[in-house]
Amino acid sequence: MEAKLTWVEVLDNVGWLKINREGKLNALNRDLIDEIHDHLADFQSDPNVRVIILTGSGDKAFVAGADITEFSRFGPQEAAALVQYGNQVLFDFIAQLTKPVIAALNGFALGGGLELAMACHIRIAAEHAKMGLPEVSLGIIPGYGGTQRLPSLIGKGNAMEMILTGDMIDAKKALEIGLVNQVVPAKHLMEAALTMAERMMKNAPHSLKNAIKALHAADGSPKGFIEEALLFSDCFGTADFEEGMGAFLEKRKPKF
Ligand code: COA
């Protein structure tokens, strides 16, 4: 295992996680996947962490994909085990975290890198960032949720185009089609991620948790509406509810 593949810090209720494999454009190998998982699990259980910001080291890449050298000789069974593991410990794990996760895209987000960004709840890109799912150019297809999460963010037609061409798009185009929430000059990327985190942190943690869960249930089916109603009523009577309602009635700002 390489020495330190990530850098982490908790500062003012924000859990910062930087992927630290710049020489390989932060490509996700197995050790890195495990390391990111462990830090995120710590953030999830740390009551001091309210929002998580995930980024890559350097100014070239967020993550340039899954580490191609690890699976270039795999057969179908090994490939199945790889994606099952990766989805369980990283991609689905992030999506299911109940604290908001913001991806700050400091450069290329390709293949598994874009899938990682899409598993996060929010994406903010530096102006020079480029995104794509180039798997078809390697003789495979996205395996870490790309074919599922991309259409739900940008619509099936745009997703078909991106996945079938394998072409990269720039940050401006990504904003236009809804793949990222915001685009900022590179030098303001961390500041923009922090501002987004602060806008969320003024709100009730229990509500953020239930809102994330309800949004995940949004597939347009009646099931989603039922789930929303359950999560809505689950907020009532909590300490966050008492504080939020009390603050409004007492004409003061809530302290969550
Ligand atoms: N897996 C493993 N290693 C990777 C990688 C990946 N996904 N992406 C980049 N690297 C490595 C390169 O092999 C190179 O290592 P080396 O210096 O030991 O040879 C290093 O990172 C720098 O990349 P390099 O290709 O030299 O940089 P570049 O500026 O010429 O090109 C990219 C940048 C992003 C266009 C190019 O690296 C690339 O196409 N990467 C693969 C993207 C991809 O297909 N991702 C999907 C994987 S499923």
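Here are three short exercises on a predicted model of a protein chain with a ligand.

Residues are numbered from 1 along each chain as its sequence is written. Local features need pLDDT of at least 70 and side-chain atom pairs pLDDT 80 or more, while totals for chains, interfaces and linings use all residues, and side-chain values use heavy atoms, without hydrogens or water.

**Exercise 1.** Find out which residues are closest to the ligand.

*Solution.* Start with the shell: 16 residues surround the ligand, each with a heavy atom within 4 Å of it. Lys24, Lys60, Ala64, Ala66 and Ile68 are the closest. Next, sort the shell by type: nine nonpolar, three polar and four charged residues. Here Ala, Val, Leu, Ile, Met, Phe, Trp, Tyr, Cys and Pro count as nonpolar, Asp, Glu, Lys and Arg as charged, and the others, Gly among them, as polar.

**Exercise 2.** Work out which atoms of the ligand pair with Lys24, Lys60 and Ala66.

*Solution.* Look for N or O atoms within 3.5 Å of each other. Step one: a polar side-chain atom of Lys24 sits 2.5 Å from a ligand oxygen. Step two: a side-chain N or O atom of Lys60 is also 2.5 Å from an oxygen atom of the ligand. Step three: with Ala66, a polar backbone atom lies 3.0 Å from a ligand nitrogen.

**Exercise 3.** Say how much of the protein chain is buried.

*Solution.* First, set the cut-off: buried means under 20% relative accessible area (1.4 Å probe, protein chains only). Then apply it to the 256 residues: 46% of them count as buried.

Terms used:
Polar contact = N/O pair within 3.5 Å; in protein donor to acceptor, adjacent residues only side chain to side chain. Buried < 20%, exposed > 50% of the residue type's maximum accessible area, 1.4 Å probe, protein only.
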